[in-house]
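User: Please take a close look at the largest pocket in this model, and set it in the context of the fold and of the residues that merit individual attention.

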Amino acid sequence: MPDAVFRQPHAPGDVVTPERDITHQHFRPGDQVVILKGTSGSELWGDAYKVVTPSWHTPTDEDGWRLYDPAGGEHTYLTAHPRYLVHLSSRCPDCLIYQQALRTYLVPRLAGAEQDVDCGWYSVNHLNQVVHVADARGGR
């Protein structure tokens, strides 16, 4: 993640990720993944993780993945839904198509930003689970 990140107060909503149809089996333990969160100039950026083991994702009531954050910190291990994840360790067509769709949607809307932009689509709940705004339930 870039050092100086601006939380865009009126960032575009994410219409791409909630519609992504990706199965739990698409990822495997050991895969390097990223959760894309915004833009840095004309590029997408996000937080990188290593897939560890299957884990139930309570916010969606579906199979998720337990992720390891090599940077450690407050949330060294998180659980996330597969549709939030993009492969870093392989150049799979499904992840490349998703990245391109997100880039095509997001970059033109934030082209004038002078700083790196966090769109604020994700939060971490009290169970250390990543929650996308489209999956958030009351009382997150």
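Analyst: Helices and strands are taken here as DSSP runs, with at least four residues for a helix and at least two for a strand, numbered from the N terminus. The model is predicted. On that footing, the elements of the protein follow the order β-β-β-β-β-β-α-β-β-β from the N terminus, which amounts to 1 helix and 9 strands.

The pocket itself comes next. The largest pocket encloses about 230 Å³ of space. Its lining consists of 16 residues, and those closest to the centre of the pocket are Lys37, Asp47, Tyr49, Leu78 and Val124. Three elements each contribute two or more residues to this lining: strand 2 (32-40), strand 3 (43-57) and strand 8 (122-124). The greatest contribution comes from strand 8, with 3 residues. Sorted by class, the lining holds 6 nonpolar, 4 polar and 6 charged residues.

The contacts of two residues lead back to this pocket. Val130 belongs to strand 9 (residues 130-132). Its relative accessibility is 4%, and because the limit for a buried residue is under 20%, Val130 counts as buried. Beyond its neighbours within four places in sequence, Val130 is in contact with Ile35, His57, Leu78, Thr79, Ala80, Tyr84, Tyr122 and Ser123. One of these partners, Leu78, is also listed among the residues closest to the centre of the largest pocket. The C-alpha atoms of Val130 and Pro59 are 8.5 Å apart, although 71 residues separate the two along the chain.

Arg66 is the second such residue, and its place is in strand 4. With a relative accessible area of 24%, Arg66 is partly exposed. Sequence neighbours within four places aside, Arg66 is in contact with Lys50, Val51, Val52, Thr53, Pro54, Ser55, Tyr77, Leu78, Thr79 and Asn128. Leu78 therefore appears in the contact list of Arg66 and in that of Val130, under a definition of contact as heavy atoms within 4.5 Å. Between the C-alpha atoms of Arg66 and Val117, which lie 51 residues apart along the chain, the separation is 26 Å.

Asn128, one of the contacts of Arg66, has a backbone feature of its own. Its phi is near 60°, a positive value in a residue other than glycine. Asn128 sits in the loop between strand 8 and strand 9, and at 24% relative accessibility it counts as partly exposed. Asp61 also has a positive phi, about 55°, although Asp61 is not a glycine. This residue lies in the loop between strand 3 and strand 4 (62-68), and its relative accessibility of 42% makes Asp61 partly exposed.

The helix and the loop before it supply two further residues. Gln99 is located in helix 1 (residues 93-106). Its relative accessible area is 17%, so Gln99 is buried. Outside its neighbours within four places in sequence, Gln99 is in contact with Leu36, Leu44 and Val86. The numbering places Leu36 in strand 2 (32-40) and Leu44 in strand 3 (43-57), two of the elements that line the largest pocket. Cys92 occupies the loop between strand 6 (85-87) and helix 1. At 14% relative accessibility, Cys92 is likewise buried. With neighbours within four places in sequence left aside, the contacts of Cys92 are His26 and His87. The C-alpha atoms of Cys92 and Thr17 are separated by 17 Å, with the two positions 75 residues apart along the chain.

Finally, the protein as a whole provides the setting for these details. For 140 residues, a compact globule would have a radius of gyration near 14 Å, and the protein agrees, with 14 Å. Along the principal axes, its C-alpha atoms fill a box of roughly 40 × 35 × 30 Å. Of the 140 residues, 46% count as buried. The exposed area is about 7400 Å², of which carbon and sulfur atoms supply 49%. Among contacts between residues at least 6 apart in sequence, 59% join residues at least 24 apart.

Terms used. Residues are numbered from 1 along each chain as its sequence is written. This is a predicted model: local features need pLDDT of at least 70, side-chain atom pairs count only at pLDDT 80 or more; totals for chains, interfaces and linings use all residues. Side-chain values use heavy atoms; hydrogens and water are left out. On a 1 Å grid over the protein atoms alone, a cavity is a set of points where a 1.4 Å probe fits but cannot get out, and a pocket is an open set with protein on both sides within 12 Å along at least five of seven lines; lining residues have an atom within 4 Å of a point. Grid points are joined across faces, edges and corners, and a volume is the space filled by probe spheres set on the points. Ala, Val, Leu, Ile, Met, Phe, Trp, Tyr, Cys and Pro count as nonpolar, Asp, Glu, Lys and Arg as charged, and the others, Gly among them, as polar. The radius of gyration is taken over C-alpha atoms; the globule rule is 2.2 Å times the number of residues to the power 0.38. Buried means under 20% relative accessible area, exposed over 50%, partly exposed in between (1.4 Å probe, protein chains only). Accessible areas come from the Shrake-Rupley method with a 1.4 Å probe; for residues, only the protein chains shown count as cover.
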